[in-house]
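Hi,

Here is the structure I said I would pass on. Have a look at it first, and then read my notes underneath.

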Amino acid sequence: MLTRGAKWLLVVWSVLAILAPILPMASNQVDLPHMLAAPTWQAPFGYDELGRSVLERIIAGASTSFIVSLSVIALSVVLGTAIGALSAWSGGFVDHVVVRIIDVFLAFPGILLAIALAGILGPGISNVVMALAMVGWVGYARLARAQTLSLKQREHVRAAIALGAGPLAIFHRHILPLIATPLMVEATFGIAAVIIGEAGLSFLGLGVQPPDASWGSIIREGTRYMLVAPHLVIAPALCLSLVVLAVNLLGDRFRDKLDVRFAS
Amino acid sequence: MIQYLLGRLVSAAIVVLGVVILVFSLIHFIPGDPVEVMLGESAQSADRAQLRSQLGLDKPVTEQLWGYLAGLARLNLGDSLHAHRPVLDVMLERAPATVKLALSALAVAVLLALPLGSIAAIRRGSLWDQLAIGFATLGVSIPNFVMGPLLILLFSFVLGWLPVSGADAPGSIILPALTLGTAMAAVLARMLRSTLLEVLGEDFIRTARAKGLNELHVVLGHALGNAMLPVITLLGLQLGVLLAGAVITEIVFSWPGLGSLTIESIERRDYPVVQGCVLLISLTYVMVNSLTDVAYAWLDPRIHYGGQDQC
């Protein structure tokens, strides 16, 4: 029941995010007579400080978080898996150095490094993706390294080596299929983290710039008018939390179903 | 034990060096000319040259790094471009507020998580358990910048009990500490519940019950202590989330700590201060984590001290 609700919520989120550019919306259209107006039938979530429909802003924001989370996850998974697997496969000095680099990245608490990077790279959606991916690859690298390290000793891999298969072929045919599942589970939770990360950076003013919408920047602008128009904060806060909750719930189910144990 | 401590110290030192190098190189990620970004396009060329030599950007990179490390050794992090004072002084003014916030949040987290996690484990499957699990799931899904404004809305605007922001009014720390603490409490309660459930299934608990001890005594005297070790480790790891979360929480509540200093400095393009803050926060985190590891090894005699502390 809960799982089904979560699934539907994510379907709605993705569909709205993909369709946002072609929907008949004017999410950046300033309309001062409606300034801070309460919810009506035309705008179920009310209007913001420039008279824009909060619902339309939220749909535009959904698009931002969807694009950012997919790009960041794709980038970090590919980069992290490549680095982790390569490191485990090479062993020796290379592996030693990579482990140290991973340790260094893990030494930065939470999204602090992303905040610093986004602050220094400057605002904008591609810089947000870059900052979050620079922080995100580490988890996948650690996981891919640990998994590859244990797979390297397995008989089917040793047999492939004995048969003269190249490292790329072995990785592609004998390692990747076996490490894909834990990586996918990790990536599911990663999506939740990236959605929060993107919204957090935009909340701090380091992400998507006005007039473009992000759930974080909608909340940030909303807090200024919270006393007169609480819907400006409540609506995006609810959407963001529900989507993150749904992703986390599905991640939990996914993990339980596959019974993946993390090597962390 | 000595060997373990030494090994731990060496790997911590390597990580610290790596963190310093990464923070040092942050300034080189600035797209274009850092000096132009910091001073603006209209700056005089003499001013630019002065800043360039002040930041050491006119020297080769290796020399810059060496200068940065040498400065660090003398606790010199450079000067703030905005305040025209040493970065360290600027940071030390703001640090106490962050420490106060972090400790209060930690207290909130522990005070919430201990009873919640314990009750959930003891009354497994009950309504309390369901509530605790629900709280834990919600807690990890609601980010600080959502929780904070919602708390302000409820406690400051609707009920009028607490100040909206700042650090001057009495009780102003309650809402930021709650915002930061509940998220951590959620993770801790979840962990405590699962370890406590594991411990409660052990033989010595059955023995304690067979001796006729009442349930309260069994839980408080025998089970809780043994379930605490993983929780303490998690506490160390969660501190990182707490410190990063403090940046956002401080912005929400205009709390005058290191987090708001970081964001203000980003806005003012005062990058030496940004570097200093990131460095200070990360090094605190590394230090606490290393101490947690050592404390863990010290508390739990089952842990091997010999080498192998790699991931």
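Below is what turned up on the contacts between the chains and between two domains.

A bit of housekeeping: this is a predicted model, so local features need pLDDT of at least 70 and side-chain atom pairs count only at pLDDT 80 or more, while totals for chains, interfaces and linings use all residues. Residues are numbered from 1 along each chain as its sequence is written, and chains are lettered from A and ligands numbered from 1 in the order in which they are written.

Let's start with the two chains. Chain B puts 41 residues in contact with 37 residues of chain A (in contact means C-beta atoms, placed from the backbone, within 7 Å). On the chain B side, the helices giving at least two residues each include α1 (2–25), α6 (127–141) and α12 (271–299); helices are DSSP runs of H or I, at least four residues, numbered from the N terminus. The top contributor there is α10(B), with eight residues. That side of chain B has 33 nonpolar, eight polar and no charged residues (nonpolar is Ala, Val, Leu, Ile, Met, Phe, Trp, Tyr, Cys and Pro; charged is Asp, Glu, Lys and Arg; the others, Gly among them, are polar).

Now for chain B by itself. An automatic or database domain assignment splits chain B into domain 1 (2–73) and domain 2 (91–286). Their centres, taken over C-alpha atoms, are 33 Å apart. Where they touch, domain 1 of chain B brings 10 residues and domain 2 of chain B eight. On the domain 1 side, α1 and α2 (34–39) of chain B each give two or more residues, and α1(B) has the largest share with six.

Cheers

Technical notes:
Contact = placed C-beta atoms within 7 Å.
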